[in-house]
Each structure stands twice: as C-alpha cells, then as structure tokens.
Amino acid sequence: MTDQTATATSTEPASADEVVELSTLIVGAGAAGARTAIELAQQGVDTDEFLVIGKRDHGDAHTTWARGGINGALGTHDPEDDWAIHAADTIDEGHSLNDPTKVETVTREMPERLRELDDWGMDFSRTSDGEIDQRYFGAQSFRRTAFAGDHTGESIMTTLVDRAQELGIAYRENVMVTQLLVDDGRILGAAAYDMADGHLILFEAETVVLAAGGYTSVYGRHSSRDDENTGDGPALAYEAGARLMDMEFVQFHPTGMAVDEGDPEWAPWAGRLVTEAVRGEGGRLYNAEGERFMERYSPDQMELDARDVVARAIAKEVEQGRGTDNGGVYLDISHRDRAFIRERLPRMFARFDELGVDLATDRVEVAPTAHYGMGGVLVDDAGETDVDGLYAIGETMAGVHGANRLGGNSLAETVAYGRVTGAAIADRIERGSLPERDRETLRNRAETQFADLVALTDRAGEHEPRAVLDEIRDCLETSAGIIRDEDGLAAGLDRLATLREKAGSMAVGDRTSRSFEYALDVGFALTVAEAVLRGARERTESRGAHFRRDYPETRESWERNVVYARDEVGAMRLEHDPVDTPGERIQRALDAGYELDYHQLE
C-alpha cells in the first residue's frame, strides 16, 4: 500500500496470518509473469522455490485483452525483414527515446520466441502452406505481426498456462501485494492479503519480479478493465526505492469504442479496444461528414500510420466539429468480404454482432482511448531495478518503447523479457549470489505494513474509494490527455493535491470488499498520476504520444529520458538522462529508412 492511503495511525504491531518462504516471488500472472516462471523451471530451478501470484482468477490476466498480434521478424511474407529493421521501426516509433539495448534484446529474441510458442501448441493463424501468418500493423515496414485471428493475447495466455502446468509451476490467485519490503537497498519480500478471505500474507523472497501491468486505467476513457492497470507495479517499485522513467508518455490507441454512455447496453463498452487488426486488414476511418480524413494527415500511410499520429488526427477532427454524436469518428471495413472479416477478425465480428452491428455492412464509432504506458520502472538490461533483487518486466518496466509503442510490441516484450529475466534470476540462484535472509528486519517491516492494513479495514470516512479513483481518472483525462498545455497540467497537479486529502478520508469496508481494493488502488493511482502530470509539465516539447499545444515542436535538446526518484523526505524529484546510441546494425537499418507502402492494402 502506498503512503497516500496509509493515513490511519497504527498503534499495535500486526503479524501475518500466513508466511510463505521462497527464493523468487513473481507478482503478476499475465504473459510476462508466466514466461518468467517457465524460464526458471526450464533452467532447472526447483518449482517449490518460486511462486506466481495474481489478483484475479487463474488465466484471467489482462494479456487476454491484447488481440491484434505479436511482432517478430520471421519473414513469412517478407523475407527481407530482420530483427534490425524491427528494431529500427521500434526506435522510429519511439522517437529515439528507446533504450537501444533493450530494443535489441526484444527484437533479437522474438523470432525464436514465436517458434517456441508454436512448438508449445499456440493456434497461430496460418498461411496456405502452413507457416505462421503475419499481417501489417501501423508504422511497421513489413508484415511481421504474427496473430491468432483477433484473439492473439488470449491464445498466448492459454499456451503459457498450459506450458506452466506441464512444468508443475505453482500459482495463487486473488492475492494482492500492498507493499514491497526492503532494507538497505535490497528486497526482502512482500506484504499482501488474500482478497477472498482477507487474511494477511508475508512473502519472504530473495528476488521479486514485478509483472503487474501498467497504468492506463488511471484515465477516464481507457481500454483496460477498471480494476486493472491502476499502476500497482510502478507505484510499488517507486515506494520501495526504485526509479521510474518516461511516465509522461501515455499511448492513446486510436480506436476505442465511442458509445452512448447513457445507453445501459453500450455503456460498459466505452473505451474498449477495437483492435488495430481491423485497420491492419484494411479498415478505413471517416469523419461525420463522410471524409476519409487521414488523407489530410498522412496521405502515404493513411490509417496505418503510427498510433500517436492517428489518435491526434481523430482528436483534431472531433475538436473541429467533424466528429460523431459520441465524440468519435467512424471505422469501416465493410468493403471487405464477410467471410474474410469473420475469418480474420472473429472476436470483433462476434462482439459487434451481439450488439446488433454487422461489421460486414456497418461502420462503428471509435475514439482514442488510453491504452498503454510507455513509462514504468527503470531497469537494467536483465530487468533488475535499483533495488537489489527487485525486477520489473512487461508493461511495468520502461525502456523498450520510448515515446510511443509500436503496435504488436507489447506482447513481444512480455515473452522476450520473461525469458531474459527468468534466465538471469536462474543464473543468480545457481551462482549462490542471493543474500541471506534478514528475517528480523523483514518481520519488523511487515508488521508495520500489516498494522496499516488493519487500521484501513472497516474505516469510517466521507468519501467512497471508487468515487475518488474516478476523480483521479477525470483529472488525468482533463489535464494530461492527448493534447496538453501548461495551464491544464498545473491545474491537474492542484486538483491532485485536493484528491490526496480526500484519499485520507475514505470509507473503507473489510478486506474482502471491493472498497478495500479500490482504496489501495487510489494510493497507487495517486503516485502514478503525479508522475504523469509532473513529467508532462517538465517536457516542454511534443514527441511521440506526448503533445503540448504550447510547445508543438520536437526539440533535439529533449532527446532525453525523464527519470523520477523519491528524495530524502519522500517528495518526487525529476532528473534527465541522455539516451544511448543504437548499435551499428540497427543504425544502418535506421539510415536505410524502411517504410510501409500502405497502398498495398488498397
């Protein structure tokens, strides 16, 4: 639990109801966490020595919501593609703020990781000769996005869970970590509670891996489930002494569902993703006046330009009065045959069919939706943070994506770094380089945290946690959305200070209640929201997903990462770090200037 919600004073120590001793604790049971655990097992680490925990039911990870595809330079259709061109596309899309070593790690890993998933039984879509099929995705030079219809994330998760079960990997569901336990710059374990019955759990662990997702649910219109991606991972790491990086860069996916939120049938779908695969298969965007408006903004790449370009184009169309009644534009793939749509986009077709919309004949309303945080925890090449023994991977980490993420790279990052980090931890265990447990310090740290959790339980207050969380979302949506400026960001920080006061007076239920979980989410969201607002105010330029109306140009002097650290009194301090230079092979690919010819789809 972050310090913003731990406002109740605890007078008595509180002991754990359960103590679990491990070598490695993996927090997060999506693709990144699952692949880390698989690597540990495959490297020979005893499965009794590590554990994967998740906040939701087994297999119900947010990975399942990633639909469009996963990148890797297999060259199924375009044999001239290779990992270095994939890396160049990633850095171009990231506007040169990516960590080139991490980009190289992911892009070099991915062809083998795709073949590995195939070997483990993933149901990839296939070419006529049985190869893994690959499709176009926005801002990519070649067809390198492998996919399973439009349910790629779900298929990856099924494949990884099946593989983990084959290896006998242990998993616990409905467990939420509230604080990482640290002493003298090294990890000791984690405090948590069982969300089903409320009992307090102490995990003793020499290494902890945060694979807990990102932070885009701190926005009003977002593509995540409301109770996920609320910033748990970055906030837990930050409070433990790790640094964050690039938190100002939030990707707004161009095509979230724009709906009448007054209609109970449609309201639950607000902001939910209409996969980029729809545009990858030829979907077109039209404004309310029937104009194919991307001709104005990107006549060469059209709907398959970078996500930030398309999202801002939609926002401008709406701002200039050419939007739909629900504040969006139209996405239309009806020029494709019905059989093609049903084969290539089965989940999308079924979703809209259930809502009475036929994708083969009807257009759908879409608008930008907060989808992915490029920022996260600052880590080294193996995924380790500033805190000895604490790792962060997947959307929890920063570095791979720079100022804007290439579509199809999020799933790639999870399995690539899952393997890399798992191998690094396995090597550390084999070398015997893990520190001895300091149980006395660990128990003392845990007792303080558990006392705070007990004090938070059934606490009286004026404000409902869910309402406070929704106010934080509105604050960021209003002040740090697609288009930002100094006045809005300053107002957002002022409003956040008021919301911190409200967070100190929340009415909280018992530890099995949603209000208790939301109270913890408020703490995480406040940390993340402050970082986003401060970073966006600090970066006086426009780059990638970060657009400042008052500083619309990209400035060479800002080719730097913004790093966030806690100072001695707990305040957030911002620093600037230079970006490393890409390796020779990636630089050659950058200099070659590869680019997709969109009109191949026409």
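User: I'd like to start with the spot just after helix α5. What phi does Gly-241 take there?

Analyst: Gly-241, which follows right after α5, has a positive phi of about 110 degrees. Keep in mind as we go that this is a predicted model.

User: Got it. And how do I read the helix before that glycine? Is α5 largely enclosed or not?

Analyst: The general idea is to count how many residues of the helix are buried, where buried means under 20% relative accessible area. In α5, eight of the nine residues are buried, so the rest of the structure largely encloses this helix. The buried ones are Asp-232, Gly-233, Pro-234, Ala-235, Leu-236, Ala-237, Tyr-238 and Ala-240.

User: Let's zoom in on one of them. What does Ala-240 touch, leaving aside its neighbours within four places in sequence?

Analyst: Ala-240 belongs to helix α5, which covers residues 232–240. With a relative accessible area of 13%, Ala-240 falls under the 20% cut-off, so we call it buried. Setting aside those sequence neighbours, its contacts are Leu-180, Val-182 and Val-387. You can also compare places in the chain with places in space: Ala-240 and Glu-556 are 316 residues apart in sequence, and their C-alpha atoms are 33 Å apart.

User: Leu-180 makes me think of nonpolar cores. Which residues have the most contacts inside the largest one?

Analyst: To read a core, look for buried nonpolar residues whose side chains link up. The largest core here has 129 residues, and those with the most contacts inside it are Leu-25, Ile-70, Leu-180, Phe-203 and Tyr-219. Helix α15 (residues 514–538) gives this core its largest share, 14 residues. Apart from that core there's another, of 29 residues, including Phe-137, Ala-277, Leu-331 and Met-348.

User: What does Leu-25 touch, not counting residues up to four places away in sequence?

Analyst: Leu-25 is in contact with Leu-51, Ile-53, Ala-190, Phe-203, Ala-205, Thr-207, Val-208 and Val-209. So one of its partners, Phe-203, also appears among the core residues with the most contacts.

User: Now charged residues. Is Glu-248 buried or exposed?

Analyst: Check the accessibility, then look for partners. Glu-248 has 0% relative accessibility, so it counts as buried. Its place is the loop between β10 (244–245) and β11 (250–257). The side chains of Glu-248 and Arg-539 are joined by a polar contact of 2.8 Å. Beyond its neighbours up to four places away in sequence, Glu-248 touches Arg-484, Val-532, Gly-535, Ala-536, Arg-539, His-546, Val-562 and Tyr-564.

User: Let me try the same steps on Arg-344. Which side chain does the side chain of Arg-344 make a polar contact with?

Analyst: The side chain of Asp-133, at 3.2 Å. Arg-344 is in helix α9 (residues 338–344), and its relative accessible area of 16% makes it buried. Leaving out residues up to four places away in sequence, Arg-344 touches Asp-133, Arg-135, Phe-147, Gly-149, Asp-150 and Glu-281.

User: Last one: pockets. What volume does the second largest pocket have?

Analyst: Rolling a water-sized probe over the atoms reveals where empty space remains. The second largest pocket has a volume of about 320 Å³. It's lined by 13 residues, and the closest to its centre are Arg-221, Ala-315, Pro-368, Glu-477 and Ile-482.

User: Which element gives the most to that lining?

Analyst: That's α8, with three residues. Both α8 (307–319) and β14 (364–373) supply at least two residues each. Sorted by class, the lining of this pocket has seven nonpolar, two polar and four charged residues.

Methods
Residues are numbered from 1 along each chain as its sequence is written. This is a predicted model: local features need pLDDT of at least 70, side-chain atom pairs count only at pLDDT 80 or more; totals for chains, interfaces and linings use all residues. Side-chain values use heavy atoms; hydrogens and water are left out. On a 1 Å grid over the protein atoms alone, a cavity is a set of points where a 1.4 Å probe fits but cannot get out, and a pocket is an open set with protein on both sides within 12 Å along at least five of seven lines; lining residues have an atom within 4 Å of a point. Grid points are joined across faces, edges and corners, and a volume is the space filled by probe spheres set on the points. Helices (H or I, at least four residues) and strands (E, at least two) are DSSP runs, numbered from the N terminus. Ala, Val, Leu, Ile, Met, Phe, Trp, Tyr, Cys and Pro count as nonpolar, Asp, Glu, Lys and Arg as charged, and the others, Gly among them, as polar. Buried means under 20% relative accessible area, exposed over 50%, partly exposed in between (1.4 Å probe, protein chains only). A polar contact is a pair of N or O atoms within 3.5 Å; within protein, one must be able to donate a hydrogen and the other to accept it, and residues adjacent in sequence count only if both atoms are side-chain atoms. Contact means heavy atoms within 4.5 Å. A nonpolar core is a set of buried Ala, Val, Leu, Ile, Met, Phe, Trp, Tyr and Cys residues joined through side-chain atoms within 4.5 Å.
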